[in-house]
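Here's a quick briefing to read alongside the structure. Have the sequence and the 3D view open as you go.

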Amino acid sequence: MKIGNAVLEEEPYCHVLLQEHRSTLCDRCFTSGDSLKKCTGCGEVWYCDKACQKRDWAVHKLECKCLKQVSPKIPMDSVRLMLRLIITKSKDLPMNSPWSRKFDDLMTHSEEIRADKTRTEQFGKMVFTLTEYAGKAVSLPSAAELYDTFCRMVINSFTISDGELKDLGTGIYLSGSMLDHSCKPNAVATFHGCTLVVRATEDIPDPSPNKVFISYVEQLSPVTERQKALKEQYYFDCKCERCVDDEYNETMTSFCCPVQNCDGLVCLTEGNTFKPCRKCGTKDFSPELKKGALAVLDDCKTQLDIIDKEKKSGSSKKVFEKCKKLIQETTNILHPMNVYSVRLLDKAFDVAIEEEHWEKAIKYGQKTLQAYSTYYPKYSPNYAIQLFKVGKLQLYVQYMEDAARNLEQAQSILTVTHGANHDINKNVTLFLNQCREEMRVKSNGS
Ligand SMILES: [Zn+2]
Ligand SMILES: [Zn+2]
Ligand SMILES: [Zn+2]
């Protein structure tokens, strides 16, 4: 299988649109239309047209009654997905799984989930809401079957996102969930509407399901965070190439070398001791210096959480000021390759755009690129979208050469990860063409 080719293309077995996109995206195909039409039965779901409505009807026919029963309340997305799963299972609909997998073939991890307090509480609450929601319209399966369905749902769900990586919904893909995780994947899962497309991001000589790996977790994370997320959500210990690569993992939490004019990197071992600078070799770190550096790292982590909360509650101006201050405090202490300093720059980048500080935004965005290109695979949607965002701003403020370079690079990555026909690639191409046209006009005029 050559790089850029689709290993798998699959329609969801069952899926649900996130509540926040209700009435702006079609509940069936997840695309936006100018004239979405509301289901006249429940008034809660929207479709492009009769065709999308018809395709959803096998499941929505019963769901519609349930939604009407609890209206104007709308159950949580996970409860909606659960009911849709129960209906789908009971229907025995035609199989659309390319690797012929059935719902009952999906892993349950039921023993681990039973021992997991958060998940069992979540299940208890779900059964309660689900019973009210299903009412007389849908008869729920036995408690044991309900539990198995819940386990299969939480272990095998995919977050469906758009080209710009914004979350749209949740889906179950029977074949897609055969693919295992690696922090150094050889393929990437993307979505065309709600259709899952997995593409090879390197040549895969044998593309059988157990030789294709995607990443289940955020890759811009230190090994401890990745492993914790995988353990908590999927109940396994990752032993991939990346997870045992100490040099790689230590870089993610590294500090700047304190020696003047050395831009080397000082790493922290698991036991919180400092290793000699990778560039100049100095190991002369006073206890105060170590203590200070660790305090800055801890503070940065705490502040990042606070920034997240403040961002949700509104004032981007306040958040922008906070980011600027924190960047000042951490520069020259946290290394630019430290993922926490990258996350900070990322937040500053987004909020600077919101506040329309274009130059500052470009500066912050550019500073994240080296870490992005190191920690994400060569062909990664995350890296491509970051390049696209920076490139768009550079075009806007007329840094034409830089804009062209970043947009070209974004385009070449997206051609591999999403294919040339994906909307996001067309969108990037539009900006790139505009950029080239403006450069042409400029050079002719001078
Ligand atoms: Zn549609
Ligand atoms: Zn309806
Ligand atoms: Zn790993």
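In what follows, buried means under 20% relative accessible area, exposed means over 50%, and partly exposed is anything in between (1.4 Å probe, protein chains only). By that yardstick Asn261 is exposed, with a relative accessible area of 83%. Keep in mind that this is a predicted model, where local features need pLDDT of at least 70, side-chain atom pairs count only at pLDDT 80 or more, and totals for chains, interfaces and linings use all residues. Residues are numbered from 1 along each chain as its sequence is written, chains are lettered from A and ligands numbered from 1 in the order in which they are written, and side-chain values use heavy atoms, with hydrogens and water left out.

**Zinc site**

- Which residues hold the zinc ion (ligand 2)? Its protein donors are Cys39 (SG), Cys42 (SG), His60 (NE2) and Cys64 (SG), at 2.0 to 2.4 Å.
- Donors here are N, O and S atoms within 2.8 Å of the metal (3.2 Å for Na, K and Ca); water is not among the atoms, so sites may look incomplete.
- The arrangement is tetrahedral because the 4 donor atoms subtend angles of 106 to 114° around the zinc ion (ligand 2); four donors earn that label if all angles lie between 85 and 135 degrees.
- For reference, the ideal angle for four tetrahedral donors is 109.5 degrees.
- Along the chain, the donors of this zinc ion are spaced C-x2-C-x17-H-x3-C.
- One pair links distant parts of the chain: Cys42 sits in the loop between strand S3 (37-38) and strand S4 (46-47), while His60, 18 residues apart from it, belongs to helix H1 (residues 50-70).
- Helices (H or I, at least four residues) and strands (E, at least two) are DSSP runs, numbered from the N terminus.
- Both of these donors are buried: Cys42 at 10% relative accessible area, His60 at 0%.

**The S5/S6 hairpin**

- Strand S5 (residues 157-161) and strand S6 (residues 167-172) pair antiparallel over 5 bridges; pairing takes at least two DSSP bridges between the strands.
- Ser157 has Ile172 in S6 as its bridge partner.
- There are 5 residues between the two strands, and in this hairpin Leu165 takes a positive phi near 70°.

**Backbone oddities in loops**

- The Ser71 to Pro72 peptide bond is cis, with omega near 5°, and Pro72 lies in the loop between H1 and helix H2 (77-91).
- Asn261 isn't a glycine, yet its phi is positive, near 65°; look for Asn261 in the loop between strand S11 (255-256) and strand S12 (265-266).
- Glu356 also isn't a glycine and has a positive phi of about 60°. Glu356 lies between helix H10 (339-354) and helix H11 (358-375), in the loop, and is exposed at 55% relative accessible area.

Definitions and conventions
Four donors count as tetrahedral if all angles lie between 85 and 135 degrees; four count as square planar and six as octahedral if opposite donors are over 155 degrees apart and all others between 65 and 115; anything else is irregular.
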